[in-house]
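Notebook open, viewer loaded. I'll jot things down in the order I look them up.

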Amino acid sequence: MIRIRSALRHLRLRLLPVPAQALGLAVLVVVLAAALVSAPLMVAGAEQGAWEQERERLGETVLGPTLGTTSQSRRQRFSDDRIPRTAQLDDAVTAAARQARVEGSGLGLPQTLAYLMDPLRFSSAATTGPVQLVHRTEATAHVRVVDGAVSDTGVLIPQGMAERAGLGPGDRLPVTRPGTPFVVTLEISGVYADLVAPLPEFWQPQGFLFLPVLDERSGNLVYPPPAVLGSRATVIGTAAEVEENLFLEWFLPPVPGLRVDGARDAVAAMERMQAAIASPESEVSALIEQEGYQVPVGRSALPTVLEGVDTTTRLLEPPVRAVGIGGGVAALALVGAWAGQRVRRREDELRSLVTRGLSPVRGAVDASREALLPVLAGLAVGGAVGWLLVQRLGPADTFPPGVLARALVVLAAGGLAALAVVAVVTAVLVTRLDSIGSGQAAHLLGRVPWLAVTAVLAVVATVPLVTAEPAEDGGGIDVLTLVVPLLITVVVAGALSAVLPRLSAGLGTRLRRLPVGPFLAARRVLAGHGAARLVVVTTALSLGLVVYAGALGASTDRTIATKAAVATGSDVVVPIGADTTGADLPAGSMVVGVENDATLLPGDTRINVLAVHPEQVAGVVRWDEGLADRPLDELMRALADADGPRVPVVVAGDVADGVLEGTGGELTLDFQYYSLPAQVVGRAEAFPGQTSAEPLVVADWDGYLAAIEDAGRDPALVLGREVWSRGEVPAVFEALSAAGYTPDPSAQVSTAADFAARPELAAQTWSLDYLRAIALAAGVLGLVGVAMHAVAQQRRRTVAGLLLRRMGMSRRAADVSAGLEIGLLAGLAALVAVAVALPASALVLRVMDPVPSLEPEAVFAVPWGSIAAVGAGVVLVTAAGSWLVGRTARRATGGQVMRDAT
Amino acid sequence: MRHDGPPAATCEGLVRIYWSPSGEVHALKGVDAVVPAGGLTAITGPSGSGKSSLLRILAAQDRPTAGRAEVAGHPLTGLSARKLRALRRRHIGYVFARPPQNLLPHLTGTEHLAMAARFRGVGRTEARREGAELLDLLGIADRADHLPGQLSGGEQQRLAFAQAVIGRPALVVADEPTSELDSTTTADLLAAVHQLTRTGTTVVMATHDPLAAGAADQVIHLRSGAVSHEEVAGRRLAVIDGDGRVQLPEEALARFAARRVLIDVTDDGVVLREPS
């Protein structure tokens with residue numbers, strides 16, 4: 001028993017001789033591990049997050065691959081069986097899918113869609129009209145049957161058709177192919193509720209079967225024939241009897257909640273399936289050969305979406321890696337500082353061992369051995385913390401497989417690096433302990449003016465940033481953008497702390513008038529000793545990183561929001577027909593007119609025109625104050641109140657000032673076939689609806705339409721109409737329908753959310769979020785460093801403190817002195833941090849424009865949240881540091897202090 | 001003290017110059033000294049006289065800028081750092097002035113001796129036996145399993161000596177080992193050190209303490225980086241270096257204000273007289 005206890009004690013002495021010291025290292029390694037492991041996790045999370053974002057935005061039915069063909073023969077001579085044999089083709093395609101193992105590769109088995117190439121006509125006692133016959137796998141499960149029931153032999157007709165034709169369950173529906181004698185009578189088994197916009201996700205790809213389309217010429221909506229739903233046998237059988245060809249589609253539904261790796265498997269499975277179909281031995285090929293069907297052509301949004309995901313990852317990876325490595329290097333530097341501190345705290349012990357022949361290598365091995373347990377514990381905790389933080393706060397809460405192995409490799413490398421740093425620092429310091437005085441090399445290094453050298457480096461590194469142009473595909477964080485502000489912070493903080501002693505000399509008399517506590521604190525800070533300088537510089541660095549990251553993040557958020565507002569117009573933009581006579585739109589919506597490809601004269605500048613109701617604009621667009629030199633209300637009032645023969649306009653974008661000054665703002669909008677006189681009443685850097693880099697001329701609606709009519713043109717024909725609205729797409733569609741507007745479903749609805757989902761924006765947002773998280777950790781460490789420095793100083797000043805107390809200094813004055821000293825050091829650092837980080841981020845922001853091709857340029861935002869956090873941190877560390885220093889002072893007993901001091 | 005055998009350490013014309021931002025500092029300016037084996041040698045002198053520099057060279061922690069130093073038969077000049085470390089490990093023990101500097105707070109007395117023996121390459125059994133003997137000799141056998149914090153200052157310094165002596169090094173160097181002890185404890189420690197020297201251990205210590213200097217077999221007094229005189233068996237001896245230089249005692253020096261002397265060599269000795 002005694003032997004076991006002795007062995008355990010021996011083991012503890014070898015591995016963990018000073019547990020408190022080991023705890024400090026473990027905490028640092030936690031930060032190191034969290035920083036290192038978060039980088040690959042962030043990239044992997046971004047891959048999954050970008051995929052989920054697109055999956056959410058597009059919907060799984062849009063993402064699923066589709067194969068399409070027809071029953072029409074490619075040959076001039078064709079068999080009569082080609083239409084009935086499409087059932088065989090359907091089965092053969094399903095067999096090919098099974099052969100390609102699509103199940104288990106992120107996709108389901110093909111769902112068939114069959115509908116007639118040309119609609120048939122139906123007739124009833126009440127009416128007659130076109131009718132489309134549709135079969136889709138599981139279709140009846142995705143409609144609401146309002147009357148009758150689903151049956152294998154009967155069909156479901158839409159409610160509107162049932163009401164117009166006076167038909168219902170049990171009735172018979174004769175259908176005929178126009179121009180032919182063929183008549184087929186279908187049995188109606190039920191009635192389903194009409195499908196209207198927005199369609200359920202299941203039916204979204206088949207919107208053409210249910211939703212009207214806009215007739216470009218008339219500007220009116222054309223409704224498709226009512227879709228009658230039937231079984232495969234019914235639809236194919238009817239088509240065969242009336243000899244009408246069929247369109248056939250096979251949709252392979254993605255499994256719900258498909259992950260990005262599953263999506264990649266799905267693409268591969270789709271390729272396998274196409275290969276299986278194209279194989280000469282396949283049944284599909286045999287049918288194609290026999291009946292002359294078109295080879296089924298596949299289409300899928302998956303490859304494009306995955307390309308976007310890859311772009312996001314590609315753009316995100318370098319900055320995240322740079323930040324992660326930067327965080328890791330900073331944490332390693334702190335581990336090195338810990339190793340240095342370990343040697344200093346145990347200098348007597350090491351000096352004693354050195355006199356007995358301890359070699360630097362042996363010292364390094366001993367230090368590494370003692371560091372092993374804390375490093376392992378730190379790696380485990382830090383890895384878990386990094387994993388959880390990225391999972392909870394990162395782009396996605398799941399990671400693609402394989403990332404765990406990468407994370408473990410990074411963790412292992414980080415652990416080895418930490419042990420190596422501890423070993424190297426210890427070896428160097430033991431070597432120094434083993435040498436008397438400093439060598440000539442050390443003397444030379446001591447004479448180098450490091451502050452001036454750093455200042456020169458900072459200037460040299462700043463030049464490329466000042467002269468750089470934003471990258472075409474959007475800039476991001478790189479080594480330069482990280483290093484420059486840090487270098488400038490070091491220079492400013494270093495210069496400031498170097499000036500402090502001179503300030504002290506100047507303030508000598510005034511300082512002496514202060515009470516004891518503040519006097520001591522001021523003298524200690526102004527003395528600017530090496531340790532205090534180091535604290536100011538390192539704390540300024542860490543807090544500067546917080547403000548810098550906050551400024552970049554806030555500015556990028558503002559830039560993206562502004563660009564989204566400018567590029568999109570409002571939250572949702574829906575093209576509509578020329579008929580704008582519906583009821584009033586709800587608040588937050590307005591109709592605008594759009595006319596592109598005009599020329600602004602003089603100057604021959606390509607422009608686009610936007611016609612607005614000025615009084616509605618403020619309630620609809622997302623306006624940023626930086627877009628113009630005056631408020632939006634004022635700008636719109638100028639547009640509305642202008643009076644005169646010319647169309648009042650606001651010019652947004654890059655139009656030469658000379659053109660406006662030379663003409664007094666009287667310009668001409670040239671549309672090739674006609675032109676309109678315009679009067680500029682305001683300027684803006686950019687304006688919502690400016691979808692390209694070309695300038696946008698914003699005109700008053702009434703004035704502009706009147707001018708078009710005066711030019712002999714029909715506004716309905718020359719001016720495209722859009723509804724701009726705030727809110728979500730479904731709500732906007734409902735509101736539009738309620739107001740009597742019928743959006744064109746085939747037209748591309750654009751949203752600000754779609755704009756924000758662009759890979760370059762997602763990549764930059766996520767990488768800056770990551771930078772903010774790492775910066776926050778750095779800030780916390782910096783402030784903890786201030787508190788630790790204060791406690792270390794208190795230990796060093798134990799004797800002086802005791803003597804001061806014995807000379808009559810009150811404990812309260814001592815506490816005030818300690819608190820003020822900490823507050824002054826941290827406050828000074830925070831001041832430098834904010835003073836440097838804000839202009840530095842404004843400088844860097846220009847080259848970080850995520851979409852430089854769109855107006856406006858990157859917009860700066862003051863990171864009030866980060867500044868407040870830094871302020872709160874300074875207050876907190878002052879309070880906590882004072883308490884710690886007071887506790888340390890109270891724990892020291894007078895007798896022991898004086899005995900140790902001899 | 002044995003004068004017949006080879007000395008534990010010798011110094012001839014020892015010079016040590018340090019470089020500092022303000023210029024060169026000549027700490028030792030040609031020191032000649034011999035540390036006989038098996039005795040206690042004290043090095044005394046005012047602050048800045050070069051005691052610590054000489055001690056570090058004798059402890060193989062530093063190399064002379066010029067001159068010759070030999071410890072345990074090994075010349076220090078030209079030794080690499082690695083060989084210096086090896087020399088320290090095998091042949092030199094060291095005792096610092098403050099007890100906490102010598103001992104590790106988390107090791108007991110026995111563990112200190114075991115670790116020191118391992119450094120010196122002594123086998124476990126031998127180390128255990130020798131350690132027990134040393135603790136017994138120094139009168140701290142009953143404190144063997146105590147941590148340094150549980151020992152008095154004197155006991156800590158005795159343990160430090162035991163740690164330095166284990167493995168029988170050629171030389172034990174002690175830097176003011178009694179500076180933190182009261183006179184009674186100092187006397188006890190010096191008696192213990194004498195016990196060690198009787199077993200053949202050579203101890204050289206720097207000291208300001210007259211009690212410690214009085215207990216030494218030989219006292220080397222330094223002044224301004226050179227040996228001003230030696231005291232052996234109560235007699236004060238001037239030291240003549242290899243070039244014939246002698247440092248006069250201060251009271252003799254005071255008699256030659258002009259710094260010029262006439263030298264008469266007679267059968268009885270050498271007489272210095274003022275030129276006038």
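What is the strand order in the open sheet of four strands in chain B, and how do the strands pair? I should say first that this is a predicted model. I read the order as β2-β1-β4-β5 in chain B, with antiparallel pairing. The edges are β2 (23-35) and β5 (74-75) of chain B, since each pairs on one side only.

I then looked at one pair in that sheet. β1(B) and β2(B) are antiparallel, and I get ten bridges between them. For a register marker I noted Leu14(B), which sits opposite Val31(B) in β2(B).

**Helix α5 of chain B**

Next I checked the length of α5(B), residues 124-137. With 14 residues at 1.5 Å a residue, the helix should span 20 Å, and I find its end C-alpha atoms 20 Å apart, so the two agree.

Which residues of α5(B) are buried? I have Ala127(B), Gly131(B), Leu134(B) and Leu135(B). They cover an arc of only 95° around the axis, which puts them on the same side of α5(B). That fits the textbook picture: an α-helix has 3.6 residues a turn, so residues three or four places apart point the same way.

The other side of α5(B) has Thr125(B), Glu126(B) and Arg129(B), which are exposed. For the buried residues of α5(B), the cover includes α4 (109-120) and α6 (153-165) of chain B. One backbone detail I wrote down: Gly139(B), just after α5(B), takes a positive phi of about 75°.

**Where the chains touch**

How many residues does each chain put into the contact? I count 22 from chain B and 16 from chain A. On the chain B side, β1 (9-20), α2 (81-91), α3 (99-102) and α4 each supply at least two residues. The largest share there is that of α2(B), with five residues. By type, the chain B side splits into twelve nonpolar, four polar and six charged residues.

**Chain A, overall**

On to chain A, where the secondary structure comes to 31 helices and 22 strands. Is chain A compact or spread out? Its radius of gyration is 37 Å, well over the 29 Å that the globule rule gives for 902 residues, so chain A is more spread out than a compact globule. Along the principal axes, I get a C-alpha trace of about 120 × 85 × 45 Å for chain A.

Burial in chain A comes to 46% of its 902 residues. I also looked at contacts in chain A with a separation of 6 or more: residues 24 or more positions apart account for 85% of them.

**Strand β4 of chain A**

Last entry: what does β4(A), residues 128-136, pair with? Among its partners I have β2 (residues 111-116) of chain A, antiparallel, through three bridges. In that pair, Leu113(A) stands opposite Arg136(A) of β4(A).

β3 (residues 120-123) of chain A is also antiparallel to β4(A), with four bridges. Here Arg121(A) has Pro130(A) as its bridge partner in β4(A). A hairpin of four residues takes β3(A) into β4(A).

With β11 (residues 227-229) of chain A, β4(A) pairs in the parallel sense, over three bridges. I marked Val134(A), opposite Leu229(A) in β11(A).

Note on methods
Residues are numbered from 1 along each chain as its sequence is written. Chains are lettered from A and ligands numbered from 1 in the order in which they are written. This is a predicted model: local features need pLDDT of at least 70, side-chain atom pairs count only at pLDDT 80 or more; totals for chains, interfaces and linings use all residues. The expected span of a helix is 1.5 Å times one less than its number of residues. A residue is buried if 20 or more other C-beta atoms lie within 10 Å of its own, exposed if 12 or fewer, and partly exposed in between; C-beta atoms are placed from the backbone. The arc is that of the directions from the helix axis to the C-beta atoms. Two residues are in contact if their C-beta atoms, placed from the backbone, lie within 7 Å. Ala, Val, Leu, Ile, Met, Phe, Trp, Tyr, Cys and Pro count as nonpolar, Asp, Glu, Lys and Arg as charged, and the others, Gly among them, as polar. Two strands pair if DSSP finds at least two bridges between them. The radius of gyration is taken over C-alpha atoms; the globule rule is 2.2 Å times the number of residues to the power 0.38.
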